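Open the model in your viewer and keep the sequence panel in sight. Each stop below gives a selection, then what to look for.

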Amino acid sequence: VSHNTTSTCELGAMQWLTGGASVDQDDDVVEASNKVIEELVDQREILQKSLTSHTKSFEKLEARVSQLQVEYDAEKAEVEATAELLRKQDAAMKESLTIVQELQAATAPFENLLARDANSANAAAASAVVQAHAGGGVISAAEAAAAEGLIAAGQAHLFMDWPAVGSRDSDKRRLMAQIATIDAGYPGGLCGYIHNAKQLLEDSRVGRNPLAGWTPSVPAGSTLAYGDAEFVQCEEAGAAEAGRAAFVLVAGGLGERLGYSGIKVALPT
């Protein structure tokens, strides 16, 4: 009820309830209350707008999350398909490798036969060349025997392409002289060297350690005083053996074929 329509009785009641406060004071209270209400209404509208804005942002985020989930599912399916394809390819490669290995095992005897036939043919041709040169006086009987030994050791290529007797004979004699020198300088001769080399290569191929069972050790040695009797005695013994001694410095490289994982110069002595 507005102030203009307030009855006298009502005014009296309001004055009695407020302890005799005037109507003007009541109007101030009402006005202040209305202002508070208006501010609350304004704040409510602001909050409502903020809530609406946040709701829209949340909906956008929710839509983006859904989109990302779809993209993730698609990428996951693609990755799984790729992984499955790789598994199939790996299985196919293993199967192909097995087939190749079986074919190699099946054809190995024939390849060995062909190789033996080729080696036999080469050996026969090389032997004929050597005998022709021995008969022609280009090389001696001992040199011919050495050449035949090398041919038997798989070195027919050294002789089979020699030109005919009378062509480059000096080069042939020089080669045979080099062969004789090397043959005399290796225990077991050149054929022994070839056999050992093939054995070491085969051991390396199959992973066999040629030094298995050997235990390296460092000799205790002796400490000598320069010039004393023991020093002189050892020096004389060393001088006597010097002509039959050799000193080798290995130039780098690893020692896999020796069954050693480090560099050769680090091998225990």
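**Stop 1: the pocket lining.** Which kinds of residue line the largest pocket: nonpolar, polar or charged? Seven are nonpolar and three are polar, with no charged residue in the lining. This is a predicted model, so treat each stop as a look at computed coordinates. Select N209, L211, W214, T215 and P216 to begin the lining. Then add L258, G259, Y260, L267 and P268 to complete it. The pocket they line has a volume of about 190 Å³.

**Stop 2: the whole chain.** Zoom out and color by secondary structure. There are six helices and zero strands. Along the sequence, the pattern reads α-α-α-α-α-α. Of the 269 residues in the protein chain, 11% are buried. Now consider contacts with a separation of 6 or more: 44% of them join residues 24 or more positions apart.

**Stop 3: helix α3.** Select 141-152, which is α3. Its twelve residues should span 16 Å at 1.5 Å a residue, and the end C-alpha atoms are 16 Å apart, so the two values agree. Which residues of α3 are buried? Pick A144, A147, L150 and I151. These buried residues cover an arc of only 120° around the axis, so they sit on the same side of α3. Turn the helix to see its other side, where A141, A142, A145 and A152 are exposed.

**Stop 4: past the end of α3.** Step on to G154, which follows α3. Its phi is positive, near 90°. Next, select Q155, in the loop between α3 and α4. Is Q155 buried or exposed? Its relative accessibility is 17%, and buried means under 20%, so Q155 counts as buried. Show its contacts, leaving aside neighbours within four places in sequence: Q155 touches L150 and I194. L150 is already on your list, as one of the buried residues of α3.

**Stop 5: helix α4.** Select 169-184, which is α4. At 1.5 Å a residue, its 16 residues should span 22 Å; the end C-alpha atoms are 23 Å apart, which agrees. Highlight D169, K172, M176 and I179, which are buried in α4. Look down the axis: the buried residues fall within an arc of 80°, so they line one face of the helix.

Definitions and conventions
Residues are numbered from 1 along each chain as its sequence is written. This is a predicted model: local features need pLDDT of at least 70, side-chain atom pairs count only at pLDDT 80 or more; totals for chains, interfaces and linings use all residues. Side-chain values use heavy atoms; hydrogens and water are left out. On a 1 Å grid over the protein atoms alone, a cavity is a set of points where a 1.4 Å probe fits but cannot get out, and a pocket is an open set with protein on both sides within 12 Å along at least five of seven lines; lining residues have an atom within 4 Å of a point. Grid points are joined across faces, edges and corners, and a volume is the space filled by probe spheres set on the points. Ala, Val, Leu, Ile, Met, Phe, Trp, Tyr, Cys and Pro count as nonpolar, Asp, Glu, Lys and Arg as charged, and the others, Gly among them, as polar. Helices (H or I, at least four residues) and strands (E, at least two) are DSSP runs, numbered from the N terminus. Buried means under 20% relative accessible area, exposed over 50%, partly exposed in between (1.4 Å probe, protein chains only). Contact means heavy atoms within 4.5 Å. The expected span of a helix is 1.5 Å times one less than its number of residues. The arc is that of the directions from the helix axis to the C-beta atoms.
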